[in-house]
Amino acid sequence: MKGQAGRPAASPRGRRRRTRRQIRIGAALLVLIYVVGLVATFTISSESATEQSLTERLAPPGRDHLLGTDQYGRDLLARTLLAISVDFHAVLLAVAVAVVIGVPLGVLIGMGGPWFDRVTMRVVDAFLSIPTLVVVMVAVASLGQGLVNTALGVGFSFSLIYARIARTETLNIKNEPFVMSARQSGVGRARLVGRHIMPTLARPLIVETAVILRAGFMLQATLSYFGLSVQPPHPSLGNLLRDAQEAAVEAPWQVLPAGLVLVAIILLLNLTSDGISDLLAVSGTPRRLLDGARGRLSRLPEVSSGSRSLVIESVTIQVDEGAVVRDVSIHLERGEVVALVGESGSGKTMTAMSAAGLLPPGAEIVAGQVQVNGHDLVGASPGLMRSLRSADVGVIFQNPISAMNPTWRVEKHLTFPSVVLRGLTREQARQRAVDLLGEVGIADPEGCLRKYPHELSGGIAQRVMIAAALAGEPSVIIADEPTSALDSTVQVRVLDLLLGLRATRHFSLLLITHSMGVVAHAADRVYVMYSGEIVESGAVSEVLGHPEHPYTQALLAAVPQNRMRERELKGLSGSVPRPTRELPGCRFAERCPHVAAACTAGRVPFVERHGHASRCLRAQLESDVFAVEGRRGDLP
Amino acid sequence: MVYLARLVIGRLGSSLAVLLIAATATFFGTAFIDRRPESYLLGPTASPESVQLLHEKLGLDDPLLVQYLRWLAGAVQGDLGTSWASSQAVLDLVLSRLPATLSIVIGSMALAILVGVGLGVLAALHQSRATDRLISTGFTVGHSVPEFWLGILLVTAFALHWSLLPATGYVPFGESPTEWARSLVLPCVALALPVAATLGRHSRSAVVAQLGQDYVRWSVSTGLGRRTIMWGAVLKNALTTVVAIVALQMLAMLSLSIVVERVFAIQGMGGLVLSAALSQDIPVLMAGVIVYGAIVVVTNLVADVLQATLNPRLGAAS
Ligand code: SF4
């Protein structure tokens, strides 16, 4: 289990800071290149870069000419420096044209009616499926050559991209409630566009502009390489490259200066635009789920396992920010159904998943023991973990359809692991799959095998996933909210199916739920979790009948008694303190109606009497007949 | 299979519409230019009578709409008109140039997919480790190298300096298959590299996105190993996204191919369109728009079918 996290992921904030720096540096260097180009236009006379001198043809780099001269005897350094600002201006002109045409066009299409929208977008899309350079060629045919004409052509073809984005955003914003109400209250279209639409448009347009600038430099260089844009003898990066290609046999180095300047500009634009889109993307740290599946299957060593199939002993689980599961102990007797109940964020799923070695990346067991059928999981080799998952532990997830592979038929979900892990032939695996589907109550197993996940209802999909979990004949099944995502009518049936299977197959079931109704219906014993700790445990009849902890009492009060109805636990004011927060005493104190000074003074012990245990000072003192008389005055 | 056929037929209509719209826009977008093919066909000393005759032959004195409809009637029957610059049939011109362009484009795309997708998947497998960082940096750099500069560098090094491969020109397959292959190597490498870099970046993130999906966690929970999950489950899912990206990159690749054809002096569609633009040879220009558009449209169609086959959920949605 250790090392499952791999290298700790960089904190999101640190990453953002680095991304911002990347954008700043990229943009600053671009400006620097441009300024160098500008300075060059004011200091180097254009004659020195265009005047031919046949005596100095193809001079190698040296004192007089730092980069040498080209085949017409012109100084290469001067030409390269002068080319920079020419290309910048051509690209900026093209982008300006694109924005000026494209953005208003897009807003216009978006503001117009649906019919207008469909017709114009058809045309825009048709243009966008023709390669940009071909569109520019058409523009060149009608406008003619030269820097300004080609920039107009490039600008026109880019304007369609802007139009498309502006139109989409306008349509989105138009239907926002605040814009709708502004329209109804008679705000004019012009003001609507200026006040609401333009500001929201800015963001996506800026992202796109970074990408378009890159394409612009590529196109500008291409067009002048073709001799369509900047006309010789005036220098531009594309012209320089064409000259260099002509002279490549005699002076191959000439290819480098202009090419490297171009690569530098485009590289910097790429870094900047990548940075901008990273910054605006809302992706979290990548989930490295596969890290848990390393290692080779290994034979499980013989161990004596006793009567308990799962033991979680004093386990503490830590993530970057701190502990999320604190000193938790849980066990499952063979054939027992045990519920782990709590609100979301209580650490119940984390606790349960530690028993399958499925902790999310970054979470790690730092103290305690986990044993499945006597096998130690903490510090176990990845291979042993895999073997346990394939044979001893089955997991059922909350959302069956998203847990299924969209490109696999039902059949493959049931047969693939059996063929790969258990060496069954495909026919054997298929036969077993049919049997299993029958066992989980699917009427037409053969038909079901051929279906894809998206063709299943939630209830059927969860039955399939239960069958898949049974394929390895596990002795422990961990079910993470197995019915919460299902229709309420199906919930009871799926739960009863699990209970029935438990009776015939004798596995023990760890049922993670937030519903006391589910606990009452299905479980033998229950653990109540709050903010990373177990606060109460015992037989279901005991805990539900005589709840000791005020939190359990509140949970029960929030649910209509003896009814199978899932309901968020909202009976309490306030919210669960984050498990990672260090608190001196009782973690429930902030919300407890009975809180007293002693409660926050130090850690509250977990005290058991007759198999019913809780972590509450008040409950412990009240139950202790002798102490009650003497110390009642301290208590609420 | 039925839904695939329905998909293809459904898309075919809108694809033809795209081509028609693009050609029409080209026709009317260039309507205001001065149409004087005589300067190419007859030379500067042509007599007014012969100019008159030529205009009549090409129908240039008719109203624009009539000209357009005449073109459309011909196009429907597979006749794309006559070039104003060479008085050859446009279709013959196109057919003589298309093989070279298709060879380069298909060859480069195959190479780009092989290198780009391969490295992208490799990087995703080693996410945030040294291999990944190396490959991703390579992508960023490769993404920033203009293809024609790369082409010039390649020619300078491999053709002019070491004389390993031909510097320019295209040899038809029918003439000599080996020379055909040799003439394609450098242009294909120059064209494939930037596209491979882009494909690689996107393939990497497509795989990384899959790795975070719930079904991966389920697969892990069954005890399956990392490699099995990767090859048996994740890649097929990521492939759907990759196919879409490849189709998108076709558009960029066609633009680049025009440049690469020029760098290597290959007589392909790119040169045809370029000279048509310079000589304002509208019939050829329109044919160019249609041919390039058709390549894009066909690519998209193939991509749609592939996606629907790979991922039945997408097939059901369309
Ligand atoms: S220990 Fe105190 S604060 Fe905590 S639950 Fe019991 S009475 Fe409430």
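These are my notebook entries on a predicted model, covering the contact between chain A and chain B, the make-up of chain B, and some salt bridges.

**Entry 1: where the chains meet**

I began with the interface. I looked up who touches whom, and found 74 residues of chain A in contact with 73 residues of chain B. I then noted the buried area: the two chains bury about 6,700 Å² between them, with 71% of it on carbon and sulfur atoms.

Next I went through the polar side of the interface. How many salt bridges are counted between chain A and chain B? The count is one. I located the pair: B:Arg201 bridges to A:Asp274, with 2.9 Å between the closest N and O atoms. I also asked which element of chain A gives the most to the side that touches chain B. My answer is helix H10 of chain A, residues 255-280, which contributes eleven residues. By residue class, I see 48 nonpolar, 15 polar and eleven charged residues on the side of chain A that touches chain B. For polar contacts across the interface of chain A and chain B, I have 14 residue pairs, both partners being at pLDDT 80 or more.

**Entry 2: chain B as a whole**

I turned to chain B and its secondary structure. I list 13 helices and zero strands there, so the element string reads α from the N terminus on, as the definition of helices and strands sets it out. The C-alpha trace of chain B spans about 85 × 55 × 35 Å along its principal axes.

I checked burial too: of the 318 residues in chain B, 52% are buried. Chain B exposes about 13,600 Å², and carbon and sulfur atoms supply 67% of that area. I also looked at contacts in chain B between residues at least 6 apart in sequence, and 72% of them join residues at least 24 apart.

**Entry 3: two covered helices of chain B**

I picked helix H11 of chain B, residues 269-278, for a closer look. It is mostly covered, with seven of its ten residues buried. I wrote them down as B:Met269, B:Gly270, B:Leu272, B:Val273, B:Leu274, B:Ala276 and B:Ala277. What covers these buried residues? I found that the cover includes helix H5 (132-143) of chain A, and from chain B helix H5 (90-125), helix H10 (226-263) and helix H12 (282-310). I made a backbone note as well: just after H11(B), B:Gln280 takes a positive phi of about 55 degrees.

Then I tried helix H9 of chain B, residues 214-221. Why is H9 of chain B largely enclosed by the rest of the structure? Because six of its eight residues are buried. I list B:Tyr215, B:Val216, B:Trp218, B:Ser219, B:Val220 and B:Ser221 as the buried residues of H9(B). H9(B) is followed by B:Gly223, and I note that the phi of B:Gly223 is positive, near 100 degrees.

**Entry 4: salt bridges**

I finished with the salt bridges, of which I count 24 over all chains. Here are some in chain A that I looked up.

I started with A:Arg167 and A:Asp117, whose side chains meet at 2.8 Å, N to O. This pair links distant parts of the chain: A:Arg167 sits in helix H6 (residues 147-174) and A:Asp117 in helix H4 (residues 114-128), 50 residues apart. Are these two buried or exposed? I find both A:Arg167 and A:Asp117 buried.

My next pair was A:Glu336 and A:Arg525, with the closest N and O atoms 2.6 Å apart. A:Glu336 is in the loop between strand S2 (322-333) and strand S3 (337-341), while A:Arg525 is in strand S9 (residues 525-530), 189 residues apart. I have A:Glu336 at a relative accessible area of 10%, so it is buried. A:Arg525 counts as buried at 15%, because the cut-off is under 20%.

I also noted A:Arg430 and A:Glu446, which meet in a salt bridge at 2.4 Å, N to O. A:Arg430 lies in helix H15 (residues 426-439) and A:Glu446 in helix H16 (residues 445-449), so this pair ties together parts that are 16 residues apart in sequence. I find A:Arg430 partly exposed at 26% relative accessible area, and A:Glu446 partly exposed at 34%.

My last item was a network of salt bridges that links A:Asp327, A:Glu533, A:Arg603 and A:Arg615.

Methods:
Residues are numbered from 1 along each chain as its sequence is written. Chains are lettered from A and ligands numbered from 1 in the order in which they are written. This is a predicted model: local features need pLDDT of at least 70, side-chain atom pairs count only at pLDDT 80 or more; totals for chains, interfaces and linings use all residues. Side-chain values use heavy atoms; hydrogens and water are left out. Contact means heavy atoms within 4.5 Å. Buried area is the accessible area (1.4 Å probe) that two parts lose on being put together, summed over both. A salt bridge is a side-chain nitrogen of Lys or Arg within 4 Å of a carboxyl oxygen of Asp or Glu. A polar contact is a pair of N or O atoms within 3.5 Å; within protein, one must be able to donate a hydrogen and the other to accept it, and residues adjacent in sequence count only if both atoms are side-chain atoms. Helices (H or I, at least four residues) and strands (E, at least two) are DSSP runs, numbered from the N terminus. Ala, Val, Leu, Ile, Met, Phe, Trp, Tyr, Cys and Pro count as nonpolar, Asp, Glu, Lys and Arg as charged, and the others, Gly among them, as polar. Buried means under 20% relative accessible area, exposed over 50%, partly exposed in between (1.4 Å probe, protein chains only). Accessible areas come from the Shrake-Rupley method with a 1.4 Å probe; for residues, only the protein chains shown count as cover.
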